[in-house]
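Welcome! Below you will find a few exercises with worked solutions. Have a look at the picture, try each task yourself, and then read on.

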Amino acid sequence: MSEDAKAKKSSLPGKIGWLAGIVGAIAGALSLYFTLWPKPPSIDDWASKATSVCNQDARDVKSDVRAAQEAIAIIAQDAQSGSMPQSDFNNLTDVMNSLSGDQQKLVGDLQAIPRPGSHHSDVDSIINEQKAGSEDIYKASGELGSANVNDLNSIITAVESANSDLSDAIPHWRNAQQVAGQLGVQCSV
């Protein structure tokens, strides 16, 4: 055998060894990656966490909605009498601001729950409906904040707009609640 043939023959097992080592290292890295990679939670895990969020946050939202509806009713009575006590308007503004903050907290807390491996569109639907309701309430707060408190007509217009925005938000919340119930979210509020 010539020296060239010996060199080729001796380097072939070395090359095969290197190649086997590289393939083994890649296989080991991939198995470690897939072993340690966190698996997405199940829909039951997501529903359990969403139930906790709902029981924690939705109570404040529901209370604020009732308070807003009551404050709007008081202002409607005030408007019929032709006077608008500043305290009634301030109460409505405070309640709507509180509702806006509580609704945004609910949306943020739902978004913070790791998404399940399945039912992505349902979870997105719940969050998007809650966001839409939150945007309506935020808009209502802004309309109330921009009213000229020295002009009864400006106040009445802002309150009517806020009432309309509140009415627009409620179907979004109901839609979210319906889909959440189908996924197993048990909200006691």
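**Exercise 1: How H2 and H5 pack**

Helices H2 and H5 pack with their axes 11 Å apart, at an angle of about 150°. Task: work out how H2 and H5 are oriented to each other, and find the residues through which they meet.

Solution.
- Step 1. Start with the terms: helices (H or I, at least four residues) and strands (E, at least two) are DSSP runs, numbered from the N terminus. Axes are lines fitted to C-alpha atoms, for helices over the stretch in contact, and angles run from 0 to 180 degrees between N-to-C directions.
- Step 2. Angles under 35 degrees count as roughly parallel, over 145 as roughly antiparallel, 65 to 115 as roughly perpendicular and the rest as oblique. H2 and H5 are therefore roughly antiparallel.
- Step 3. The crossing of H2 and H5 is left-handed, a word used if the near helix is turned anticlockwise from the far one by less than a right angle, with right-handed used if clockwise.
- Step 4. On the H2 side, Val 65, Ala 68, Gln 69, Ile 72, Ile 75 and Ala 79 meet Ile 156, Val 159, Asn 163, Leu 166, Ile 170 and Trp 173 of H5. Contact here means heavy atoms within 4.5 Å.

**Exercise 2: How far to trust the model**

Task: find which element has the lowest mean pLDDT and which the highest.

Solution.
- Step 1. This is a predicted model, in which local features need pLDDT of at least 70, side-chain atom pairs count only at pLDDT 80 or more, and totals for chains, interfaces and linings use all residues. Residues are numbered from 1 along each chain as its sequence is written, and side-chain values use heavy atoms, with hydrogens and water left out.
- Step 2. pLDDT is the predictor's confidence in each residue, from 0 to 100. Over the chain its mean is 86, and 92% of the residues reach 70 or more.
- Step 3. Helix H1 (residues 3-36) has the lowest mean, 70, while helix H3 (residues 86-112) has the highest, 93.

**Exercise 3: The partners of H3**

Task: compare how H3 lies against H5 and against H4.

Solution.
- Step 1. The axes of H3 and H5 cross at roughly 30° and come within 12 Å. This pair is therefore roughly parallel, and the crossing of H3 and H5 is left-handed.
- Step 2. Phe 89, Leu 92, Met 96, Leu 99 and Gln 103 of H3 meet Ile 155, Val 159, Ala 162, Leu 166 and Trp 173 of H5.
- Step 3. Now turn to H3 and H4, whose axes are 9 Å apart and which pack at an angle of about 155°. That makes H3 roughly antiparallel to H4; the crossing of H3 and H4 is left-handed.

**Exercise 4: Inside the cores**

Task: find which helix gives the most to the largest nonpolar core.

Solution.
- Step 1. A nonpolar core is a set of buried Ala, Val, Leu, Ile, Met, Phe, Trp, Tyr and Cys residues joined through side-chain atoms within 4.5 Å. Buried means under 20% relative accessible area, exposed over 50%, and partly exposed in between (1.4 Å probe, protein chains only).
- Step 2. The largest core has 24 residues, and those with the most contacts inside it are Leu 92, Met 96, Leu 99, Leu 144, Leu 166 and Trp 173.
- Step 3. At least two residues of this core come from each of H2 (43-81), H3, H4 and H5 (152-182). H5 gives the most, with eight residues.
- Step 4. Apart from this core lies another, of 16 residues, including Ala 50, Leu 110, Ile 126 and Val 185.

**Exercise 5: Residues of H4**

Task: decide whether Ser 134 is buried or exposed, then do the same for Tyr 138.

Solution.
- Step 1. Ser 134 is found in helix H4. Its relative accessible area is 7%, so Ser 134 is buried.
- Step 2. Leaving out residues up to four places away in sequence, Ser 134 touches Ser 100, Gln 103, Gln 104, Val 107 and Trp 173.
- Step 3. Tyr 138 is also found in H4. With a relative accessible area of 55%, Tyr 138 is exposed.
- Step 4. By the same count of neighbours, Tyr 138 touches Ser 100 and Gln 104.
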